[in-house]
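I opened this notebook to keep track of what I looked up, entry by entry, and to note the reasoning wherever a step called for it.

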Amino acid sequence: MQFTHTHKENIMTTMTASIAGFTFDDILLNAAGVYCQTTEELDQILEAPGAGSLVTKSATPMERPGNPGVRYADMALGSINSMGLPNLSLDYYLEYAIAHQADKPLFLSIAGLSKDDNLQMLREIQASDFNGLVELNLSCPNVPGKPQTGYDFDTTRQILTEAFTFFKKPLGVKLPPYFDIAHFDMIAAVLNDFPLAFVNTINSIGNGLMVNPDTDTAMIAPKGGFGGLGGAIAKPTALANVRGLRQRLNPEIKIIGTGGVKDGRDVYDLILCGADLVSVGTTLHQEGPTVFNRLKHELETEMKVKAYDDVAQFRGQLQTLD
Ligand code: SIN
């Protein structure tokens with residue numbers, strides 16, 4: 001399936017990807033949670049030069065206000081947040097996604113607070129006219145009392161087993177960061193048993209804590225100040241998870257690399273580690289949707305230095321020193 005859009009850049013470098021039969025004319029998109037809560041924000045990503053797709057805010061069955069108080073803060077090496085899944089409901093994002101699915105291939109993200117929530121939402125999407133890609137977010141660290149499902153390998157298997165009995169549209173999962181080689185092996189062993197179209201790795205590094213030196217308080221209010229870390233601080237963890245999963249997952253399962261993108265070299269590094277698409281969170285929050293065109297041009301510059309004219313030439317080609 002080939003999609004065209006109105007902001008074709010005069011770039012001779014090929015920066016495309018394909019997932020589940022969808023062709024992406026550009027490889028960048030927003031990270032779920034950033035610039036994707038309202039239709040006004042989503043429209044800006046849809047129209048942004050350099051953005052090849054968008055993902056909607058992870059939805060719950062009903063609208064949620066999210067966590068109260070200051071719930072996002074910039075910090076020296078990125079950001080900390082505990083948003084708590086504020087969103088306008090699955091119906092809201094499903095309607096938007098159906099209305100715009102002919103413009104670009106789109107990701108509809110869902111994050112139920114229980115297995116039943118997730119299965120109910122997947123049933124609704126299955127029955128709908130949406131024909132894009134669905135991201136099942138198993139990794140939100142910010143809902144008080146709800147652990148990240150992606151750290152529970154048995155529950156992850158159970159949800160996917162039940163989901164694939166009826167869900168026939170392209171489905172992927174948004175994963176938390178893993179920090180142990182044994183856990184890369186364990187999650188890959190689960191995911192490889194299902195016909196997943198993609199994984200998105202990583203969600204924020206859950207439950208960090210940052211202090212505001214002026215006030216000696218935590219930087220954010222929810223959960224006693226504990227929140228997900230994003231931005232530059234997340235880059236090595238994101239690279240490791242993209243690389244570790246690319247080495248273990250079936251080749252049919254594509255990878256959206258998320259975490260630590262500030263410039264074109266960061267995008268390049270995620271692709272080198274195996275990312276098909278790259279999503280941008282903290283820097284999009286800080287800079288706005290013009291970030292995509294900047295990153296695209298910086299990536300092209302980096303590729304020229306290395307004499308590449310197609311991202312496919314270096315995707316997954318990281319060399320090691322042993
Ligand atoms: C949030 O809404 O708390 C962030 C979403 C996520 O981390 O999945």
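**Entry on Asn200.** I began by asking whether Asn200 is buried or exposed. In this predicted model, Asn200 has a relative accessible area of 3%, and since buried means under 20%, I entered Asn200 as buried. I then located Asn200 in strand E9, which covers residues 198-201. Which side chain makes a polar contact with the side chain of Asn200? I found that of Thr258, at 2.7 Å. Setting aside the neighbours within four places in sequence, I listed the residues in contact with Asn200 as Glu135, Val173, Lys174, Leu175, Ile256, Thr258 and Ser279.

**Entry on the end of E9.** Moving along the chain, I checked the peptide bonds and found that the one joining Thr201 and Ile202 is cis, with an omega of about 15°. Ile202 itself I placed in the loop between E9 and strand E10, the latter being residues 205-209. I noted this bond because most peptide bonds are trans.

**Entry on helix H4.** I looked up two residues here, Ala163, which lies in helix H4 (residues 153-166), and Leu160, which lies in H4 as well. For Ala163 I read a relative accessible area of 0%, so I recorded Ala163 as buried; for Leu160 the relative accessibility is 0%, and Leu160 therefore counts as buried. Which residues does Ala163 touch, once those up to four places away in sequence are not counted? I found Leu119 and Leu122. With the residues up to four places away likewise not counted, Leu160 touches Leu136, Val173, Leu191, Phe194 and Leu196. I also took two C-alpha separations: Leu160 and Asp193, 33 residues apart in sequence, are 9.3 Å apart in space, whereas Ala163 and Ile271, 108 residues apart along the chain, are separated by 29 Å.

**Entry on H2 and H3.** Two packed helices are described by the angle between their axes and the distance between the axes. For helix H2 (residues 90-100) and helix H3 (residues 115-127) I found axes that come within 12 Å and cross at roughly 30°. Because angles under 35 degrees count as roughly parallel, I wrote H2 down as roughly parallel to H3. H2 passes H3 in a right-handed crossing. The contact, as I listed it, is made by Leu90, Asp91 and Leu94 on the H2 side and by Met121, Glu124 and Ile125 on the H3 side. Sorted by class, this contact has four nonpolar residues, two charged residues and no polar ones.

**Entry on backbone phi.** Most residues other than glycine have a negative phi, so I searched for exceptions and kept two for this page. Tyr35, not a glycine, has a positive phi of about 55°, and I found Tyr35 in the loop between strand E3 (28-30) and helix H1 (39-47). Lys223, not a glycine either, has a positive phi of about 55°, and the place of Lys223 is in the loop between strand E12 (217-218) and strand E13 (226-230). How does the accessibility of Tyr35 come out? With a relative accessible area of 22%, Tyr35 is partly exposed, and Lys223, at 29% relative accessibility, also counts as partly exposed; I entered both this way because buried means under 20% and exposed over 50%.

Conventions: Residues numbered from 1 in each chain as written. Predicted model: local features only at pLDDT ≥ 70, side-chain atom pairs only at ≥ 80, totals over all residues. Heavy atoms only, no water. Axes fitted to C-alpha atoms, helices over the stretch in contact; angles between N-to-C directions. Helix = DSSP H or I, 4+ residues; strand = E, 2+ residues; numbered from the N terminus. Parallel < 35°, antiparallel > 145°, perpendicular 65-115°, else oblique. Left-handed = near helix turned anticlockwise from the far one by under 90°. Contact = heavy atoms within 4.5 Å. Nonpolar A, V, L, I, M, F, W, Y, C, P; charged D, E, K, R; others polar. Buried < 20%, exposed > 50% of the residue type's maximum accessible area, 1.4 Å probe, protein only. Polar contact = N/O pair within 3.5 Å; in protein donor to acceptor, adjacent residues only side chain to side chain.
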